Amino acid sequence: MGEKMMYDTILARSFSRYDQKKLGYGAFLGCLLIALSFCTVLKPYLGPIPVLNMRLSTDIGLKILRITDSASSLKLRDNDTGSFMRIIVNETSSSETEMVVENDTSSSNDTISRDISSFTMVVNDTTSSSPQGINYTLGTNERIRNDSFNTNTAQPVDVDASMSSSKTLEINYTSSFSNVNSSNKSVPVVNDRSSSSETVETNSTNSSQHVMDVVVEKMKPLCHVAERTEFCEMNGDIRVDGKSSTVLMAASMVENSSRIIKPYARKGDEEALNHVTGWTVKSVVDGYALPQCHRNHKVPAIIFSLGGYAGNNFHDYTDVVIPLYLTSRQFDGEVKFLITNKNPGWVYKFRNVLQKLSRYELINIDEEESVHCFTSVIVGLKRNPKELKIDLSSSNSPYSMNDFRQFLRSAYSLKRDTVIKMKDTGGKRRPRILILSRKRTRAFTNTNGIARMARRLGYKVVVAEADSNVARFAEIVNSCDVMMGVHGAGLTNMVFLPKNAILIQVVPIGGFEWLARSDFEEPSKDMNLRYLEYKIQTQESSLIQQYPPDHEVLRNPYAIQKQGWYAFKSIYLQKQNVNLDVNRFTPTLLRALELLHQQ
């Protein structure tokens, strides 16, 4: 009491009663100002709602963006199907817009699941850098990966386990526009403490605002059906199951889709396709229906068949090698080949080509127990509808037949690019002619007589038959300036001839003209080769020894053709040899010499 009396006495000596009252009021106001200052400074940290910042990269004139999710859509909170976000985008000259969504953080374990049917977001135009929070960029047609979010907020957001990092969202932009009034817009957000929503008001800027609807659509297989082939191109989460001959792709369509592809480039030829395994290509909405990955691959894959007519030299090139080149060359070796209907002899025969097109070991997918996973797969091969042809106008390919021939020269280390220049040799070097021999049908029965006549005309003669040693035979063909042979698969080796070389096709009787033209005459022109043709007479065919002179096989071959391919094939392709009339054939070899001198 004594101390208090002393204090009052001192205070009374220094201030009057009026001054004491003023001092009390001033102290009260000062405390109030200090309290208000603390509230102002600490306000961002005291609120119950954290800030979620997402940055959407959009074009300047973009009005609406529609997003759809995979099997189900995004959901803000477990079991909350009524929640949604609304996005309003201010149209500005900036290439970026920011989306700010404020959410309750009273719990640090809030989750984002994938079951909301739609959501809309409110986005205000801004040119300033994005604030701290969760920043994410969406580019046109880019995929959103769930594991790419980075957070700087104090309270982390836990992503639901069902949102696997392998799942993606595909962005597609629509062309329609819908305007929204530029007054205050509201964003319903989920309150952590209850299922009700509270509204956050966002003021629009003085620029007009447009609704950005986002519909989520995943990719589906893009399948092409052409005259002689069909193939599917797939990108995304793809599983290849060799045991069931199935390729599955995660997709978010309304329903699952499925089709069967026979990955051999001879569509319409039932005899060939009967020996080709059909592969089921499926797009699966439910990601849980996909088989588990056993082997993951970082490069694309191409699935193709070595069934069909593979093993016949002509079909090896027109049905497999050239289509495989067209399909895989774009990857520059960074691609894996998955072979169905394995054919070890074919693989060994064309090992140089396969190793040039792919840096990886072949996979006999039919024998694989594991499920192989890729991000890009092509099932089937591209090809031109015509034989031994690459047509830039119809195939939309950046490669030509000359590019393919240059590729072969590189794969087999062939030295000659062009034929002999007779003018430069002064007659000292003779042009080389290759006579293709055959052991079975459509063989020359007087090969030695043809060789003697050619030597008399000034040729250096080589007689050889094609076999599985492609490297050896390719070198022989590439060393020659002229190649001649009866219509058959051996003539396919013209792909190794040097530029401006001469191909002579000997056409047997039986109405072969259409085959001779489509199989070798037309393709040779695309290869920068010069083409000559010699049609034999009935007397030069071995069929005169098997049928009487008045038989329709000799007299009217077109009547046999009307009976069908097998009747034609069994007689004119499988029973006929050629005894060339050397004197009648001489002008053809002279014409070839004349063309070489013009070079």
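These exercises work through a predicted model of a protein.

**Exercise 1. The whole protein**

Task: State how many helices and strands there are in the protein, and what share of its residues is buried.

Solution:
- Step 1. The secondary structure consists of 16 helices and 31 strands.
- Step 2. Of the 599 residues, 48% are buried.
- Step 3. Turn to the surface: the accessible area is about 30000 Å², and carbon and sulfur atoms contribute 49% of that.
- Step 4. For contacts with a separation of 6 or more, 78% are between residues 24 or more positions apart.

**Exercise 2. Two helices in contact**

Task: Decide how helix H4 and helix H8 are oriented towards each other, and describe the residues of their contact.

Solution:
- Step 1. Locate the helices: H4 covers residues 313-328 and H8 covers residues 401-411.
- Step 2. Their axes lie 11 Å apart and the packing angle is about 90°.
- Step 3. Angles of 65 to 115 degrees count as roughly perpendicular, so H4 and H8 are roughly perpendicular to each other.
- Step 4. H4 contributes Tyr317, Val321, Ile322 and Tyr325 to the contact, while H8 contributes Met401, Asp403, Phe404 and Phe407.
- Step 5. Sorted by type, the contact residues comprise 7 nonpolar, no polar and 1 charged.

**Exercise 3. A parallel sheet and a helix across it**

Task: Give the strand order of the open sheet of 5 strands, name its edge strands, and find the helix that lies across S30 and S31.

Solution:
- Step 1. The order is S28-S27-S29-S30-S31, and the pairing is parallel.
- Step 2. Strand S28 (460-464) and strand S31 (530-535) each pair on one side only, which makes them the edge strands.
- Step 3. With direction ignored, neighbouring strands of the sheet are turned by 20° against each other on average.
- Step 4. Take one pair in detail: S29 (residues 482-486) and S30 (residues 502-507) run parallel and are joined by 5 bridges. Met483 stands opposite Leu503 in S30.
- Step 5. The helix across S30 and S31 is H12, residues 513-526, and the angle at which H12 runs to S31 is about 160°.

**Exercise 4. A loop residue**

Task: Asn446 is in a loop. Is Asn446 buried or exposed?

Solution:
- Step 1. The loop in question connects strand S27 (432-436) with helix H10 (447-457).
- Step 2. The relative accessibility of Asn446 is 16%.
- Step 3. The cut-off for buried is under 20%, so Asn446 counts as buried.
- Step 4. Leaving aside residues up to four places away in sequence, Asn446 touches Val578, Asn579, Leu580 and Val582.

Conventions
Residues are numbered from 1 along each chain as its sequence is written. This is a predicted model: local features need pLDDT of at least 70, side-chain atom pairs count only at pLDDT 80 or more; totals for chains, interfaces and linings use all residues. Side-chain values use heavy atoms; hydrogens and water are left out. Helices (H or I, at least four residues) and strands (E, at least two) are DSSP runs, numbered from the N terminus. Buried means under 20% relative accessible area, exposed over 50%, partly exposed in between (1.4 Å probe, protein chains only). Contact means heavy atoms within 4.5 Å. Accessible areas come from the Shrake-Rupley method with a 1.4 Å probe; for residues, only the protein chains shown count as cover. Axes are lines fitted to C-alpha atoms, for helices over the stretch in contact, and angles run from 0 to 180 degrees between N-to-C directions. Angles under 35 degrees count as roughly parallel, over 145 as roughly antiparallel, 65 to 115 as roughly perpendicular and the rest as oblique. Ala, Val, Leu, Ile, Met, Phe, Trp, Tyr, Cys and Pro count as nonpolar, Asp, Glu, Lys and Arg as charged, and the others, Gly among them, as polar. Two strands pair if DSSP finds at least two bridges between them.
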